[in-house]
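These are my notebook entries on one structure, set down in the order in which I looked things up. The coordinates and sequence come before the entries.

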Amino acid sequence: MCRNVQLNAVAHLVHPRQADARMLMYQHQRASERFDVIDLDPYGSPAPFLDAAVQAVSEGGEATLTWAQSRARGFWRILTAQAFLAGLLCVTCTDMAVLAGNSGETCYSKYGAMALKSRACHEMALRIVLHSLDLRANCYQRFVVPLLSVSADFYVRVFVRVFTGQAKVKASASKQALVFQCVGCGTFHLQRLGKTSGASGGRVKFSAACGPPISPECEHCGQRHQLGGPLWAEPIHDLDFVGRVLQAVSTNPGRFHTSERIQGVLSVITEELPDVPLYYTLDQLSSTIRCSTPSLLQLRSALLHAGFRVSLSHACKNAVKTDAPSSALWDIMRCWEKECPVKRERLSEASPAFRILSVEPRLQANFAVRDDANPSSRQRGLKRFQANPEANWGPRPRARPGGKAAGEAMEERRRVHQNKRKEPAEDPVQRAARLKTFPCKRFKEGTCQRGDQCCYSHSPPAPEDTAAAASPDHPKTSYQNPPGSGVAAGPGVD
């Protein structure tokens, strides 16, 4: 790093430090020594650095940044390219398996929230990270305001501004919510942890929220609910800020090699419903009731015809983010099933599909495609959801001492041990010979009807065979093992 600083003549701008990042940030807790921008991008979880980061970032405000200071910034550094934002905290999380619900207990130990396996897991991951940041900032009378929260590729990245204010910190409880998710149909409900209400004299009163918002069993399919969270329930983007960033990128598209993708992702973000947490997916709704899948435009049109708002989500290609209640959403799917009937005789009476379809819809859906059902980003053909550029693309293994030589040794070791633990396919002749080492008593006496296929686990002889064996003309057979035979007597042994 020092050599690069010298080669680029930026010693007056860049000061490399080789130290524990947490200790470095803890040493800059004073307001006059705080950093204007902190960018956490570790390998895996940033949880160990969050406590120090929320203390070491400066108070949210405007600052100036010259073009020379910002031209070297990379893909997401467009956020600080023109009018520099002080008090900016950028956090990247690549431990998506934990945040997406594969290990809820691990997610709780790192971020203080239980992650659920859900089709909306990527947006839930963003909201869990925001909750963890706000929770740690509240300990020091600080709070966060999200500017942009992005789920891209195999990671999530959030941009927040940190402010100080004891009165605003009291409202943080009302910004968090628990999630009740049905294990059968996937219907979810949010329960706020706190609530705010107006009091006399223009004051704000804070109190605990009342709940839960649902009964113990799902009203649609009768299954139980899982409890997840807490997570951030407020908007995760500042649409005014996102619009300014999008305009800056569109004005100078040649500035970044990935400008097309930036414009596509930010355009979808501007179209998202800011006040609707989480979403359903098109395949989730269809697979729950075992019916064919309507087109995304048809479902969006049906929601718009019913008077509800609907949008996409940048976190999922088939997302349906809507303010419609779950009852209206399932009524629309019931109406769709009437046009594409499901074979009811194949459904179990205890299945979610049978219970949902057994109720007549109270809302008559209209699936005629509307012009406003097609979002602007889709009409313009923007690059909204990028496919994997190559096979086995994704996060690479953690760097190890030794560099490339260690990696080559690891690959050689993997090649040598490949399939070593797998048992090879057994030859039928060898299998028959192995089974003959555990024959039944009749096989030893030459009277087993299975012949060479005899083994110790076949069923007892038929009743007619038993009667024949008991006749005077048939020699009597002993069913007890001779001493030293090595065959265990017991159930299932002839």
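Before counting strands and helices in any lining, I fixed the terms: helices (H or I, at least four residues) and strands (E, at least two) are DSSP runs, numbered from the N terminus. I also noted that this is a predicted model.

**Entry 1. The second largest pocket**

I began with the second largest pocket, for which I found a volume of about 360 Å³. Its lining comprises 21 residues, and those nearest the centre are S151, A152, D153, H314 and A315. Two or more lining residues come from each of β5 (142–152), α10 (259–271) and β14. I asked which element gives the largest share of this lining. The answer is β5, with 3 residues. Sorted by class, the lining holds 11 nonpolar, 5 polar and 5 charged residues.

**Entry 2. Residues with positive phi**

D153, one of the residues nearest the centre of that pocket, also drew my attention for its backbone. I found its phi near 55°, a positive value in a residue other than glycine. D153 sits in the loop that connects β5 with β6 (155–164). With a relative accessible area of 33%, D153 is partly exposed.

I then turned to L278, another non-glycine residue with positive phi, here near 60°. L278 belongs to the loop between α10 and β12. Is L278 buried or exposed? Its relative accessibility is 2%, so I recorded L278 as buried.

**Entry 3. The sheet with β14**

I next traced the strand β14, which had appeared in the pocket lining. It belongs to an open sheet of 3 strands in the order β12-β14-β13, and the pairing is antiparallel. The edge strands are β12 (280–281) and β13 (310–313), each pairing on one side only. Between β13 and β14 (residues 316–322) I counted 3 bridges, in antiparallel sense. Within this pair, V310 is placed opposite T322 of β14.

**Entry 4. The β7–β8 hairpin**

Strands β7 (residues 176–182) and β8 (residues 188–192) run antiparallel and are joined by 5 bridges. In this pairing, Q181 faces F188 in β8. The two strands form a hairpin with 5 residues between them, and G186 in the turn has a positive phi of about 85°.

**Entry 5. Cysteines**

How many disulfides does a search of the whole structure find? I obtained 0. For C121, I looked for the reason in the distances. The closest cysteine sulfur is that of C316, 8.3 Å away, which is too far for a bond because a disulfide needs the two sulfur atoms within 2.5 Å. As to surroundings, C121 is buried at 12% relative accessible area, whereas C139 is exposed at 58%.

**Entry 6. Helix α7**

Helix α7 (residues 121–138) has 18 residues. From its first C-alpha to its last I noted 25 Å, close to the 26 Å expected at 1.5 Å a residue. The helix is mostly covered, with 16 of its 18 residues buried.

**Entry 7. Enclosed cavities**

I found 2 cavities of 30 Å³ or more in the structure. The largest has a volume of about 70 Å³. Its lining includes E123 and R127, together with P235, I236, H237 and L239. I269, E272, L273, P274, V276 and K321 also line this cavity. By class, I recorded 7 nonpolar, 1 polar and 4 charged residues for the lining of the largest cavity.

The second largest cavity contains about 40 Å³ of space. The residues around it are R334, E337, K338, R344, L357, V359, E360 and P361. Which helix gives the most to this lining? I identified α13 (residues 326–339), which supplies 3 residues. The lining of the second largest cavity divides into 3 nonpolar, no polar and 5 charged residues.

**Entry 8. Cis peptide bonds**

Last, I looked up peptide bonds that precede proline. The bond from G211 to P212 is cis, and its omega is near 0°. P212 lies in the loop between β10 (204–208) and β11 (225–232). I also found a cis bond joining G229 and P230, with omega about 0°. P230 is located in strand β11.

Key
Residues are numbered from 1 along each chain as its sequence is written. This is a predicted model: local features need pLDDT of at least 70, side-chain atom pairs count only at pLDDT 80 or more; totals for chains, interfaces and linings use all residues. Side-chain values use heavy atoms; hydrogens and water are left out. Two strands pair if DSSP finds at least two bridges between them. Buried means under 20% relative accessible area, exposed over 50%, partly exposed in between (1.4 Å probe, protein chains only). The expected span of a helix is 1.5 Å times one less than its number of residues. On a 1 Å grid over the protein atoms alone, a cavity is a set of points where a 1.4 Å probe fits but cannot get out, and a pocket is an open set with protein on both sides within 12 Å along at least five of seven lines; lining residues have an atom within 4 Å of a point. Grid points are joined across faces, edges and corners, and a volume is the space filled by probe spheres set on the points. Ala, Val, Leu, Ile, Met, Phe, Trp, Tyr, Cys and Pro count as nonpolar, Asp, Glu, Lys and Arg as charged, and the others, Gly among them, as polar.
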